[in-house]
Amino acid sequence: MTRFIALLCLITCLFSCSENKVPSSTKVDEISNESFFYVYDTIPKIYQYREVVNGMFEQFHRVYGVRRGDGKHVLVEHFTQDGRLTETYDYLVDSMLVYDHMVVGVKGDIRSASLAKNQMFPLDDQEVQFKSIFPGLSEGFVLEYERIRKLDKFEKRNIQSKELECLKLNERIRVSNINVNSKLQNESVNDIIVYFGKFIGLVEWHDKNFKQHYVLENIISQDEWVKIISG
């Protein structure tokens with residue numbers, strides 16, 4: 001009798017497990033877009049990008065995290081190859097919205113742009129829009145800087161001699177130089193392809209004709225970067 005009860009319990013357990021088990025054919029591997037954004041780290045990392053068409057051109061992005069009263073932020077500072085700061089994007093980690101866009105004026109002054117739209121990293125397949133407004137290069141003009149992005153697909157790219165899972169985005173950049181008084185404006189539009197690597201962030205971008213093509217060459221420490229731009 002004892003053996004019978006034990007056998008009955010074993011069969012019941014096996015049957016219960018088989019009912020709860022999801023068939024492998026129905027499992028779907030979901031890819032989180034957030035995993036392709038920069039990893040939060042308070043220690044600054046310098047992303048060194050090389051222009052493929054002309055190998056002499058470089059760009060540097062300084063990426064680091066800070067914690068404030070409203071949560072974690074990731075800041076991405078853009079520098080020219082000689083170490084000159086041009087702009088900074090401040091992202092709120094929880095929402096992935098752009099909290100602030102800081103631009104450098106002609107005289108080297110740093111100011112926060114006025115944000116009309118603050119989405120720049122798509123968390124799904126919906127189009128996102130970013131738009132900032134700041135003083136133009138001449139008095140009486142303002143610049144409207146707009147970036148529209150949409151997820152294209154996930155694909156593997158060869159980055160730093162390694163095959164890396166990437167998120168591919170189609171992006172349109174529109175820059176309008178507007179005369180405040182006459183409302184006349186000059187507008188330029190550029191369509192580019194942007195790639196974010198898993199657990200890394202931005203790893204590559206190029207225009208559709210590959211006339212300009214930047215690829216992540218290295219991620220270095222701040223000390224190493226200072227030696228490069230000062231040497």
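A salt bridge here is a side-chain nitrogen of Lys or Arg within 4 Å of a carboxyl oxygen of Asp or Glu. In this predicted model, the pair Arg-111 and Asp-109 fits that bill, with the closest N and O atoms 2.3 Å apart. Neither partner is tucked away: Arg-111 comes out as partly exposed at 35% relative accessibility, and Asp-109 is partly exposed too, with a relative accessible area of 27%. Counting by the rule above, the total comes to 17 salt bridges.

Another of these pairs joins Lys-45 to Asp-41, where the closest N and O atoms sit 2.5 Å from each other. Lys-45 has a relative accessible area of 31%, which makes this residue partly exposed. Asp-41, with 27%, also lands in the partly exposed class.

Things look a little less even for Arg-68 and Asp-90. The two form a salt bridge whose closest N and O atoms are 2.8 Å apart. Arg-68 belongs to strand β2 (residues 58-68) and Asp-90 to strand β4 (residues 85-92), so this salt bridge ties together parts that are 22 residues apart in sequence. As for accessibility, Arg-68 is partly exposed, with a relative accessible area of 36%, whereas Asp-90 counts as buried at 2%.

Salt bridges do not have to come as isolated pairs, either. Lys-153, Glu-155, Arg-157 and Glu-204 are linked with one another in a network of salt bridges.

Then there is Lys-131, a residue of strand β8, which covers residues 128-135. Is Lys-131 buried or exposed? Its relative accessibility is 19%, and because the buried class takes in anything under 20%, Lys-131 counts as buried. The side chain of Lys-131 makes a polar contact of 3.4 Å with the side chain of Glu-144. Leaving aside residues up to four places away in sequence, Lys-131 touches Ser-114, Leu-115, Ala-116 and Lys-117, along with Glu-144, Tyr-145 and Glu-146. Glu-144 thus turns up both as the polar partner of Lys-131 and in the list of residues that Lys-131 touches.

Note on methods:
Residues are numbered from 1 along each chain as its sequence is written. This is a predicted model: local features need pLDDT of at least 70, side-chain atom pairs count only at pLDDT 80 or more; totals for chains, interfaces and linings use all residues. Side-chain values use heavy atoms; hydrogens and water are left out. Buried means under 20% relative accessible area, exposed over 50%, partly exposed in between (1.4 Å probe, protein chains only). Helices (H or I, at least four residues) and strands (E, at least two) are DSSP runs, numbered from the N terminus. A polar contact is a pair of N or O atoms within 3.5 Å; within protein, one must be able to donate a hydrogen and the other to accept it, and residues adjacent in sequence count only if both atoms are side-chain atoms. Contact means heavy atoms within 4.5 Å.
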